[in-house]
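Biologist: I am new to this structure and would like to learn how its features are read, one at a time. Could you take me through them slowly, with the general idea before each case?

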Amino acid sequence: MARAGYGKGMVLPLILFLASLLVAGFAFVTQGGVLSDEVLLALLSGAAALVLAWREWRRVSRGYIVIDGSDVMGWGDAPRLATVRRVVKALEVQGFVPVVWFDADVGQSDAGLARALGVARRQVMVVPEGRADAALLAGAEALGARVVSNARYGDYTGRFEWLGTEGFLVPGQVDGRGVELRFA
């Protein structure tokens, strides 16, 4: 699976960690090798910064995930783009980089949808009607990504053998309590 890269949120904790080590080392040497309060405080600050950096690394290392936007729009009580936005945000919190595919009948451009979803334009694909499922599955294959959808894509099992692989499809639902995604 492709990695999303390191987040900007890792930089500050790593800088704080290194600064804490420098301060602790300097205080230790200048105080004659004594574990003073200053040294212990600097080491504690460094440990906290390291924990923050580790949490950020885990958050951003999940990789890409493909969302069948046309399917997910209907997960709520009525088809709405807001439902897709909720799923996108839930996946981003879990460290995924979502790529959202729509049928052209969604009636909006990829740029407009990207703005509405709060993602980069390159993360939204609008495909001509009747070709969206095949394009979505080919895109997921190219990215090495799972697909968030309640669809089963039965017409494509011969073309994409891995389609039946356990955990490839991530079904879910959205209701008043939040987003539920069932990762296998």
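Modeller: Let us begin with one residue and its cover: R182 is partly exposed, with a relative accessible area of 37%, where buried means under 20% relative accessible area, exposed over 50%, and partly exposed in between (1.4 Å probe, protein chains only). This is a predicted model, in which local features need pLDDT of at least 70 and side-chain atom pairs count only at pLDDT 80 or more, while totals for chains, interfaces and linings use all residues. Residues are numbered from 1 along each chain as its sequence is written, and side-chain values use heavy atoms, with hydrogens and water left out.

Biologist: Which residue forms a salt bridge with R182?

Modeller: Side chains of opposite charge can pair when their charged atoms come close. A salt bridge is counted when a side-chain nitrogen of Lys or Arg is within 4 Å of a carboxyl oxygen of Asp or Glu. The partner of R182 is E180, with the closest N and O atoms 3.2 Å apart, and E180 is partly exposed too, at 34% relative accessible area.

Biologist: How many salt bridges does a search of the whole structure find?

Modeller: The search finds four. One of them joins the side chains of D175 and R177 at 3.0 Å, N to O; here D175 is partly exposed, with a relative accessible area of 24%, whereas R177 is exposed at 75%. Another joins D110 and R121, at 3.5 Å from N to O. D110 lies in helix 5 and R121 in the loop between helix 5 and strand 3 (124–127), so this pair ties together parts that are 11 residues apart in sequence. In this pair, D110 is partly exposed at 25% relative accessible area, and R121 counts as exposed at 53%. Helices (H or I, at least four residues) and strands (E, at least two) are DSSP runs, numbered from the N terminus.

Biologist: What is the mean pLDDT of the protein chain?

Modeller: The term pLDDT stands for the predictor's confidence in each residue, from 0 to 100. The mean for the protein chain is 87, and 91% of its residues reach 70 or more. Over residues 1–6, however, the pLDDT is below 50, and beyond near neighbours in sequence this stretch has 19 contacts in the model, a contact being heavy atoms within 4.5 Å. Where pLDDT is low, the predicted coordinates should not be read in detail.

Biologist: Let us turn to the interior. Which residues of the largest nonpolar core touch the most other members?

Modeller: A nonpolar core is a set of buried Ala, Val, Leu, Ile, Met, Phe, Trp, Tyr and Cys residues joined through side-chain atoms within 4.5 Å. The largest one has 23 residues, of which I67, V84, V87, L91, F102, L117 and V148 touch the most other members. Strand 1 (63–68), helix 4 (81–93), strand 2 (96–103) and helix 5 (110–117) each supply at least two residues of this core, and helix 4 gives the largest share, five residues. Apart from this core lies another, of 17 residues, among them L136, A140, Y156 and F168.

Biologist: And on the outside, which residues form the nonpolar patch on the surface?

Modeller: Patches are made of residues with over 30% relative accessible area and no salt bridge, like charges being joined within 9 Å and nonpolar side chains (Val, Leu, Ile, Met, Phe, Trp, Tyr) within 5 Å. The patch is formed by L18, L21, F28, V29, L35, L40 and L43, with about 650 Å² of accessible area together, as computed by the Shrake-Rupley method with a 1.4 Å probe, only the protein chains shown counting as cover for residues. Helix 1 (11–30) and helix 2 (37–60) each give two or more residues to it, and the largest share, four residues, comes from helix 1. F28, which is in helix 1, counts as partly exposed at 34% relative accessibility.

Biologist: Is S20, also in helix 1, buried or exposed?

Modeller: S20 counts as buried, at 10% relative accessibility, and, leaving out residues up to four places away in sequence, S20 touches A42, S45 and G46.

Biologist: Finally, what is the phi of Y153?

Modeller: Most residues other than glycine have a negative phi. Y153 is not a glycine, yet has a positive phi of about 55°; it is found in the loop between strand 4 (146–148) and strand 5 (169–170), and counts as buried at 5% relative accessibility.
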